[in-house]
Amino acid sequence: MVLNKKVKRTILENKSRYLGSFLLILLSCMLYTGFNISGPSVKHTVDEFRKDNKMEDASFIMQKPIDNVTELEREYNILLESRKTLDYKYDDDKTIRILGATEKVNKYSITNGNALKNSGDLLIDREFAKANKLECGSKIKIYQGEYVITGFFSTPDYTYILKTENDMVVNHNAFGVALISKEDFSNIPEGYSYYMVKFNEENAAQFKEEISKNNIIVKWQNADEITRITTIDGDADSFVQVGSLVPFIILIITCVMVSVFIWRLLRDEFVQLGTLYALGYKKSVLLRYYLSYPFVLAICGGILGTI
């Protein structure tokens with residue numbers, strides 16, 4: 001049809017006018033696709049990491065050590081493990097939180113290098129190492145002992161490396177976490193122990209009641225109350241929300257621009273429009289003709305933006 005050929009000719013004659021709308025549609029589709037693929041993918045990766053490494057459901061400190069761990073695990077269908085920790089002044093303004101390696105809860109994963117094998121081996125988080133120019137093979141002195149960095153690690157209870165619950169921003173240059181074996185930690189007189197528990201049933205209240213009978217819970221924190229664990233969930237959710245909002249705003253702007261273009265086109269072709277109508281063109285045909293401009297832009301930009 002002649003009108004269809006005119007659509008192509010008009011767009012080619014006014015490239016700069018329509019190119020901007022095309023690029024905005026292309027950009028909004030790319031952003032929407034990218035954000036909504038990446039966001040859920042990040043959340044899925046985090047959830048799988050937590051599941052595979054048995055992330056704690058809660059951590060707590062007892063007044064006296066628990067001496068019936070195996071019995072409690074069997075009776076309440078849980079995983080229960082103690083861990084020792086201490087904050088060591090690596091430098092005047094730098095702190096390394098030393099953690100004891102675990103076997104059941106909050107298990108670590110190696111991101112580079114080798115796992116703990118021998119006495120004196122130490123794992124450290126990659127970002128602190130990078131900020132302080134440490135690498136595999138570097139040596140760190142902790143009190144009277146010397147440790148060799150054998151690799152970098154991550155653990156589900158430190159997905160965000162925050163020193164305190166009040167910290168909002170990660171400072172990799174000033175704070176990091178390191179991991180040593182339980183045997184090596186037993187030779188360090190400093191630090192304190194806490195317990196980590198993972199529930200396989202909805203029986204947290206019963207478990208807390210049981211361990212409180214002949215002991216005192218000094219501090220109890222559920223995992224969803226710990227900032228260094230939950231922050232990444234908020235970031236992932238925000239990422240998805242931004243991915244839905246930003247492309248929508250760009251599309252609104254694009255719609256306004258295209259509406260202005262069509263209005264200008266109608267104004268410039270007002271006489272031609274009257275002539276075509278007088279020649280017998282139906283209103284529906286003329287309507288499809290003018291709607292074909294935004295349709296072409298939307299189809300081309302949408303397809304290319306989602307590929």
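Is Lys133 buried or exposed? I looked this up first in the model, which is a predicted one, and I noted that Lys133 counts as exposed, at 75% relative accessibility.

**Entry on two backbone angles.** I kept in mind that most residues other than glycine have a negative phi. Against that background I wrote down Lys133, whose phi is near 55°, a positive value in a residue other than glycine, and I placed Lys133 in the loop between helix 4 (126-131) and strand 6 (139-142). I then turned to Asn106, where phi is also positive, near 55°, and which I found in the loop between strand 3 (94-100) and strand 4 (109-113). For Asn106 I noted a relative accessible area of 0%, so I entered this residue as buried, while Lys133, at 75%, went down as exposed.

**Entry on the largest pocket.** I recorded a volume of about 370 Å³ for the largest pocket. I saw that 19 residues line it, and that Arg97, Tyr192, Lys219, Gln221 and Arg228 lie nearest its centre. When I asked which strands supply at least two residues each to this lining, I listed strand 1 (58-62), strand 2 (78-91), strand 3, strand 9 (192-199) and strand 10 (217-222). By class, I wrote nine nonpolar, four polar and six charged residues for the lining of this pocket.

**Entry on the second largest pocket.** Here I noted a volume of about 270 Å³, with a lining of 15 residues, of which Phe153, Ser154, Tyr158, Thr159 and Ile161 are the closest to the centre of the pocket. Helix 4 and strand 7 (145-154) each supply at least two residues of this lining, which I divided by class into seven nonpolar, five polar and three charged residues.

**Entry on the nonpolar cores.** I found 18 residues in the largest nonpolar core, and I underlined Ile98, Leu122, Ile124, Ile140 and Ile142 as those with the most contacts inside it. Strand 2, strand 3, strand 5 (121-124), helix 4, strand 6, strand 7 and strand 8 (175-180) each supply at least two residues of this core, and strand 7 gives the most, with three residues. I followed Ile98 further and, leaving aside its neighbours within four places in sequence, I listed its contacts as Lys84, Thr85, Leu86, Tyr88, Ile142, Ala178, Ile180 and Phe185. Lastly I noted that another core, of 14 residues, lies apart from the largest one, and that Ala58, Phe60, Tyr76 and Leu80 are among its members.

How values were computed:
Residues numbered from 1 in each chain as written. Predicted model: local features only at pLDDT ≥ 70, side-chain atom pairs only at ≥ 80, totals over all residues. Heavy atoms only, no water. Helix = DSSP H or I, 4+ residues; strand = E, 2+ residues; numbered from the N terminus. Buried < 20%, exposed > 50% of the residue type's maximum accessible area, 1.4 Å probe, protein only. 1 Å grid on protein atoms, 1.4 Å probe; cavity = no way out; pocket = protein on both sides within 12 Å on 5 of 7 lines; lining within 4 Å. Points joined across faces, edges and corners; volume = space filled by probe spheres on them. Nonpolar A, V, L, I, M, F, W, Y, C, P; charged D, E, K, R; others polar. Core = buried A, V, L, I, M, F, W, Y, C linked by side-chain atoms within 4.5 Å. Contact = heavy atoms within 4.5 Å.
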